[in-house]
Amino acid sequence: MLFDPRPKTRREDLFGRERELENLARNIDSPITVITGIRRIGKSSILSVFLNEVNIPSIIVDVRNLPLNYSLKDFYHVLSKTLSSRMDRFIEIIKGISSIKVLGGEVEIKWKGKGALSLPLLFDLLNRKRVIVAFDEGQKLRGPRSTEILNALAHAYDYDKNITFIFTGSEVGLLYSFLGVNDTKSPLYGRYHYNLTIERFSRDLAEDFLKAGFKELNIEVNRETIEEALSFFNGIPGWLTFFGNEYYKGSKRFALIKDMAVNLALEELENVVKERGKRYATVLRAIALGEKSWGKIKRYVEEKEGSTISSSILSNIIRNLEDLSVIKDYNFLDPLYKEASLKLSYAYRNSL
Ligand SMILES: Nc1ncnc2c1ncn2[C@@H]1O[C@H](COP(=O)(O)OP(=O)(O)O)[C@@H](O)[C@H]1O
Ligand SMILES: [Mg+2]
């Protein structure tokens, strides 16, 4: 179903992404593929459909829920859980795992009869057969253990030619800073990777998508509501899907669905503010109000806070918001984040 809110897994449910699937297939032998694009653009869906169609065993390691300063044990835990869930494909490897241990800060996966196994050795084992290892929202691998993981990836890049790694990332700057392909100090520096950027739907494609989705559900929607949705959701498939699904479930008023969507975006931004500080809320509000230069934002923040903000701190905040793919050149990449930013600051002020 086109308006199913979960990530799609079958080609017939994935609308208008033939070219992206083709590009992934064409670059299947690239050792590293990076799929980028803002949240809800359809990265996980494209990845899943692709992996379901390609005739190579694969795992998707969902690292979204790793804690901020995850330990290697956390990481191994997710990895072994993922391998276990693909018992059918990785039975030989899973049979080998007997326990995960932490010894003096070092983590070992114990493998029956083989002693301790490190991440590079695990990759060597996977390499016995052609395999794809995908990390969904790979920027979450940033943190104190990232060097170990990058070293293992660099090892696999050099020696394990049967493994293709795929990373997706909504926070594009953060994902690239984790991978460090342009950072001379990173283990992956200079390694080739194929990048697939997922773009929003054009207005025409978005309209076709909504029409196809409603047709599939056998419901008529008036022209005006469709127009409103097209203007507001700006071709972002996840929001269009949300709209279609909510309409189908019963909320027939556009304004109602719009509010629900903005509230979802608001929750996501609140997490950014919680993690990074209240100043982010003020800066986001300034940009949402249309302050489109560094100087104007600085003035706005200082007026609100009643004191000066250092240039480097403000530059940092703006750069981080860019790395998080929330803004680019003082514009919001997702119009709902702009709406949410206005509400965010009210919530923030009320809590003072
Ligand atoms: N091309 C598409 N066709 C149909 N539904 C889509 C498409 N792209 C995304 N979706 C829907 O949009 C939502 C977000 O997609 P998802 O793949 O989770 O995005 P991302 O991983 O980029 O955040 C999901 O409900 C998914 O089903
Ligand atoms: Mg995703």
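Okay, let's start at one end of the sheet: E2 and strand E6, residues 131-136, pair in the parallel sense over 5 bridges. Two strands count as paired here if DSSP finds at least two bridges between them. The strand and helix names are DSSP runs numbered from the N terminus, with helices being H or I of at least four residues and strands being E of at least two.

Before I go on, a word on what you're looking at. This is a predicted model, where local features need pLDDT of at least 70 and side-chain atom pairs count only at pLDDT 80 or more, while totals for chains, interfaces and linings use all residues. Residues are numbered from 1 along each chain as its sequence is written, chains are lettered from A and ligands numbered from 1 in the order in which they are written, and side-chain values use heavy atoms, with hydrogens and water left out.

Back to E2 and E6. Serine 58 stands opposite isoleucine 132 in E6, and aspartate 62 stands opposite aspartate 136 of that strand.

So what is the order of the strands in the open sheet? The 5 strands go E2-E6-E7-E1-E8, with parallel pairing. Strand E2 (58-62) and strand E8 (194-197) each have a single partner strand, so these two stand at the edges with one side left without a neighbour in the sheet. From one strand to the next, the twist averages 15°. As general background, strands of a sheet pair through backbone hydrogen bonds, either parallel or antiparallel.

Let's walk across. E6 is mostly covered, with 6 of its 6 residues buried. By buried I mean under 20% relative accessible area; exposed is over 50%, and partly exposed is in between, using a 1.4 Å probe and protein chains only. Val131, Val133 and Phe135 point one way from E6, Ile132, Ala134 and Asp136 point the other way, and all are buried.

Next door is strand E7, residues 163-169, and 7 of its 7 residues are buried. Ile163, Phe165, Phe167 and Gly169 point one way, with Thr164, Ile166 and Thr168 pointing the other. E6 and E7 pair in the parallel sense over 5 bridges. Which residue of E7 is the bridge partner of isoleucine 132? That would be threonine 164. A little further along, alanine 134 stands opposite isoleucine 166 in E7.

On we go to E1, which pairs with E7 in the parallel sense over 5 bridges. Have a look at valine 34 here. In E7 its bridge partner is phenylalanine 167, and in E8 the bridge partner of valine 34 is asparagine 195.

E8 itself is joined to E1 by 4 bridges, and the two run parallel. In E8 the side chains alternate: Tyr194 and Leu196 point to one face and are buried, while Asn195 and Thr197 point to the other and are not. Helix H1 (residues 18-26) lies across strand E1 (32-36) and E8, running at about 175° to E8.

Now over to some helices. The axes of helix H13 (residues 294-305) and helix H14 (residues 311-323) come within 11 Å and cross at roughly 110°. Axes are lines fitted to C-alpha atoms, for helices over the stretch in contact, and the angles run from 0 to 180 degrees between N-to-C directions. H13 and H14 are therefore roughly perpendicular to each other. For the cut-offs, 65 to 115 degrees counts as roughly perpendicular, under 35 as roughly parallel, over 145 as roughly antiparallel and the rest as oblique. On the H13 side the contact is made by Trp294, Ile297 and Lys298, and on the H14 side by Ser311, Leu314, Ser315 and Ile318. Contact means heavy atoms within 4.5 Å.

Ile297 comes up again with isoleucine 287, which lies in helix H12 (residues 279-288). Is isoleucine 287 buried or exposed? At 1% relative accessibility, isoleucine 287 counts as buried. Leaving aside neighbours within four places in sequence, isoleucine 287 is in contact with Ile297, Ile327, Tyr330 and Phe332.

Last stop, two loops. Most residues other than glycine have a negative phi. Asparagine 218, though, has a positive phi of about 65°. Asparagine 218 sits in the loop between helix H8 (203-217) and helix H9 (223-233), and is exposed with a relative accessible area of 71%. Asparagine 234 also has a positive phi, about 50°. You'll find asparagine 234 in the loop between H9 and helix H10 (237-249), partly exposed at 36% relative accessible area.
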